[in-house]
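Thanks for making time. I have one structure to go through, starting with the metal site and then moving on to the helices and a few loop residues.

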Amino acid sequence: MNLSLATTPANATSCDVLVLTAMPKGRGVTLMTHGVTAAQQSKILAALATLGATGKAGEVSKLGAMSGLKAKAVIVVGTGDSQKIGDAETYRQAIGSAVRACVGSRKVAVVADRDNAAEAALAAGLAAYDFRAFKSAPGKAPAPPAIVTIIVPAAQAESVRSKVSQVQPVVKAVHLARDLVNTPPNALFPADLAAAAKSAVAGQPVKVTVWDEKALKRDGCGGILAVGQGSSHPPRLVKLEYAPAGATAHLALVGKGITFDTGGISIKPAAGMDEMKGDMGGAAAVICAVKAIAELSLPLRVTGWVPTAENMPSGDAQRPGDVITMFDGTTVEVLNTDAEGRLVLADALGMAVKEHPDMLIDVATLTGAARVALGSRIAGVMSNDDSARSQVCAAAELVGEPSWPMPLPADLRPSLDSATADIANIGDRFGGMLSAGVFLQHFIPKGQAWVHIDIAGPSWNDKAAYGYTPKGGTGAAVRTFVQVANDLAAR
Ligand code: BES
Ligand code: MN
Ligand code: ZN
C-alpha cells in the first residue's frame with residue numbers, strides 16, 4: 001500500500017474514489033473540502049440531503065461520479081464534530097470506515113488539511129488491509145485500495161509533509177503485525193517467527209540474535225524450554241537491538257510469542273481454540289514496533305525480546321506439578337500448563353532487566369480474565385511505577401489504542417505461594433489478570449521501571465471490522481510502542 005501527499009485540487013484528482021468528510025450542521029451537513037467549486041459542492045450537498053445524511057461519525061454515503069470531478073466515484077463520510085473539537089480518534093475511525101468502503105477500488109484520494117492530514121493518512125493506511133495469503137485464488141476477491149493519496153491545499157503541503165512521511169513506516173509495521181497474527185499456526189512455528197523477525201528488520205540497523213533450543217539450555221531459560229518441550233517444533237528466543245549512535249534513553253520491549261496455545265496437558269476446550277494462533281500478538285507487536293522505530297530512525301536505544309514456543313500436549317510435554325528453573329534461578333511449580341505465557345515471559349524479563357533499561361514494557365495475550373474484565377477492545381496496563389504506567393496509558397490514548405490502568409495487589413502474592421518451589425504459576429482465579437501480573441513482578445528487581453500490558457482483548461477482533469480495524473489480528477500495541485519511543489527520545 002502506497003501513501004502519498006498531493007496538492008492537485010480535489011476536483012482535478014484522477015482516482016477511483018474521492019473521499020470527502022462532512023460534519024453535522026442544522027438538519028443536514030456541512031462539507032469539509034477544498035479544490036471543489038461552489039456549484040460542485042451544492043450538487044454533492046443535494047445528493048447527501050436526498051440520502052438523509054446527518055454527518056454523524058462513521059456515516060458513509062456512496063455517491064456516483066459527479067460531472068466536473070475526475071474521480072470515478074465520491075464517498076462522503078461523517079466525522080461528527082470531531083474536526084471541530086479535535087477528537088483525533090473519532091476522525092481516524094471515520095476515515096477508516098470510508099476507506100474500508102472503498103474495497104475493490106485501487107486508487108483512493110482523501111481530502112484533508114494541515115490539521116488532520118497525518119491522521120487521515122494513518123487511518124486510511126490502517127484501513128486499507130486484508131489478509132489473503134492463504135486463499136487459493138487471492139486475485140479473485142475485491143482488494144483494499146493499493147494507492148492512497150492525501151490531498152491538502154498547496155499552501156499547506158510543506159507544513160505537513162514530514163509528519164505524513166512518518167506514517168507509512170507505522171502503517172507497514174501494523175500491517176505486518178496483523179499478518180503475523182493471522183498466519184495459520186501450521187505456517188508459523190517458533191523458528192518461523194524468529195525468521196520473520198529477521199526479515200522484518202532486514203536492511204535496518206537492527207542486530208538480531210536467535211537462541212535455539214541448545215542455546216536456551218546453555219543459558220538456563222527453563223521457562224521457554226518447558227513450555228516448548230511438548231512440541232516437535234522447538235522454542236526460540238529472539239533479541240532485536242536498535243542502538244543508534246548518540247542514543248541516551250533505553251527502551252526494552254518483551255512480547256509473548258506462543259505460536260499456538262492448546263493449553264498443553266491442561267488442555268483448552270475445543271471451541272474457539274483456533275483463536276490461539278494469535279497467542280503471539282505480543283511478539284508481533286514487539287518485532288513490528290522495533291521495525292517501525294528503526295525505519296523512523298528515532299534517536300533512542302530499543303531492545304526487543306521475543307520468547308517463542310508452541311504449547312502442545314504430548315508425551316514430552318510438561319506436566320502439572322513439574323518444577324522448572326527460570327533464567328534468574330527462580331524455581332516455579334507449574335500447576336497449570338495453560339498459564340504458559342508468564343513462563344516464557346519470566347525468562348525474557350530476567351534477561352532484559354540485566355541491561356537496566358530506562359523503561360521495560362512487556363506485552364502479552366496473557367489472560368482470558370483480561371477480556372472478562374475489560375472486554376475485547378481495551379488493554380489492561382499494570383506497573384510497579386505509577387508514572388511509567390501513566391506514560392504508557394497516555395501514549396496509548398493518544399494513538400487511539402484503548403487501555404486502562406489496573407492494579408498489582410500485593411495481597412494476591414500469597415495465592416502464588418508453592419509448597420514445593422519458590423512460586424507457583426497460577427494464583428487466585430478472581431482477578432486472574434492481576435495475579436498473572438503479580439507473577440511477572442516476581443522477576444522485576446526493585447527500582448526497575450516496568451509496565452505489563454495484557455492485550456488478550458484488543459489483539460484480536462472476533463467481530464466485524466470497524467473504523468480502521470479489520471477482523472482478526474489488529475496489530476494492537478505497535479502504535480503505542482512507537483509513541484512511547486517518541487516520548488522517551490524527546491525526554
Ligand atoms: N493465551 C491464553 C490467554 C487468552 C485467552 C488470550 C483468550 C486470548 C484469548 C493464556 O495462555 C491462558 O491460557 N491463560 C489462562 C490462565 C489460567 C490457566 C490461569 C486463562 O486465561 O484461562
Ligand atoms: Mn495458555
Ligand atoms: Zn497463552
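What spacing do the donors of the manganese ion (ligand 2) follow along the chain? The pattern is D-x76-D-x1-E. Before I fill that in, please keep in mind that this is a predicted model.

The residues behind that pattern are Asp261, Asp338 and Glu340. Asp261 gives OD, Asp338 gives both O and OD, and Glu340 gives OE, with distances of 2.1 to 2.2 Å to the manganese ion (ligand 2). There are 6 donor atoms, and the angles they subtend run from 71 to 169°, which makes the arrangement irregular. For anyone wondering about the cut-off, six donors count as octahedral if opposite donors are over 155 degrees apart and all others between 65 and 115.

Where do these donors sit in the fold? Asp261 is in strand β11, residues 257–261, while Glu340 is in the loop between β14 (331–333) and α11, so the pair ties together parts that are 79 residues apart in sequence.

Next, the zinc ion (ligand 3). Its coordinating atoms are NZ of Lys256, OD of Asp261, OD of Asp279 and OE of Glu340, at 2.0 to 2.4 Å. The zinc ion (ligand 3) also has 6 donor atoms, here with angles of 78 to 172°, and its site is octahedral. Along the chain, the zinc donors are spaced as K-x4-D-x17-D-x60-E.

Which residue bridges the zinc ion (ligand 3) and the manganese ion (ligand 2), and how far apart do the two ions lie? The bridge is Asp261, and the separation is 3.2 Å.

Are the coordinating residues buried or exposed? Lys256 counts as buried, at 2% relative accessibility. Asp261 is buried with a relative accessible area of 3%, and Glu340 is buried as well, with a value of 0%.

That is the metal site. Now the helices.

Helix α4 covers residues 117–127, and 10 of its 11 residues are buried. The buried set is made up of Ala117, Ala118, Ala120, Ala121, Leu122, Ala123, Ala124, Gly125, Leu126 and Ala127.

Helix α6, residues 167–182, has two contacts to discuss. One is with helix α15, residues 478–490: the axes come within 9 Å and cross at roughly 140°. The two helices are therefore oblique to each other. On the α6 side the contact involves Val170, Ala173, Val174 and Ala177; on the α15 side, Val478, Arg479 and Val482. Sorted by class, that contact has 6 nonpolar residues, no polar ones and 1 charged. As background on the spacing of contact residues, an α-helix has 3.6 residues a turn, so residues three or four places apart point the same way.

The other contact is between α5 and α6. Here the axes are 5 Å apart and the angle is about 25°. The helices are therefore roughly parallel to each other. Lys163, Val164 and Ser165 of α5 meet Val167, Gln168 and Pro169 of α6. By class, the residues divide into 3 nonpolar, 2 polar and 1 charged.

Between those two helices is a loop, and Gln166 is found in it: α5 is 157–165, and α6 follows the loop. Gln166 is partly exposed, with a relative accessible area of 38%. For a sense of distance, Gln166 and Ala309 are 33 Å apart in space, C-alpha to C-alpha, and 143 residues apart in sequence.

Last, some backbone angles. Most residues other than glycine have a negative phi. Which residues here have a positive phi without being glycine? His356, with phi near 50°, is one of them, and Ala477, at about 90°, is another.

His356 is in the loop between α11 (341–353) and β15 (359–364). Ala477 is in the loop between β21 (472–473) and α15. Are these two buried or exposed? His356 is exposed, with a relative accessible area of 63%, whereas Ala477 counts as buried, at 5% relative accessibility.

To go back to the start: Asp261 bridges the manganese ion (ligand 2) and the zinc ion (ligand 3), with an irregular arrangement around the manganese ion (ligand 2) and an octahedral site for the zinc ion (ligand 3). That is everything I have for today.

Notes: Residues numbered from 1 in each chain as written. Chains lettered and ligands numbered in written order. Predicted model: local features only at pLDDT ≥ 70, side-chain atom pairs only at ≥ 80, totals over all residues. Heavy atoms only, no water. Axes fitted to C-alpha atoms, helices over the stretch in contact; angles between N-to-C directions. Helix = DSSP H or I, 4+ residues; strand = E, 2+ residues; numbered from the N terminus. Parallel < 35°, antiparallel > 145°, perpendicular 65-115°, else oblique. Contact = heavy atoms within 4.5 Å. Nonpolar A, V, L, I, M, F, W, Y, C, P; charged D, E, K, R; others polar. Donors = N, O, S within 2.8 Å, 3.2 Å for Na, K, Ca; no water. Tetrahedral: all angles 85-135°; square planar, octahedral: opposite > 155°, others 65-115°. Buried < 20%, exposed > 50% of the residue type's maximum accessible area, 1.4 Å probe, protein only.
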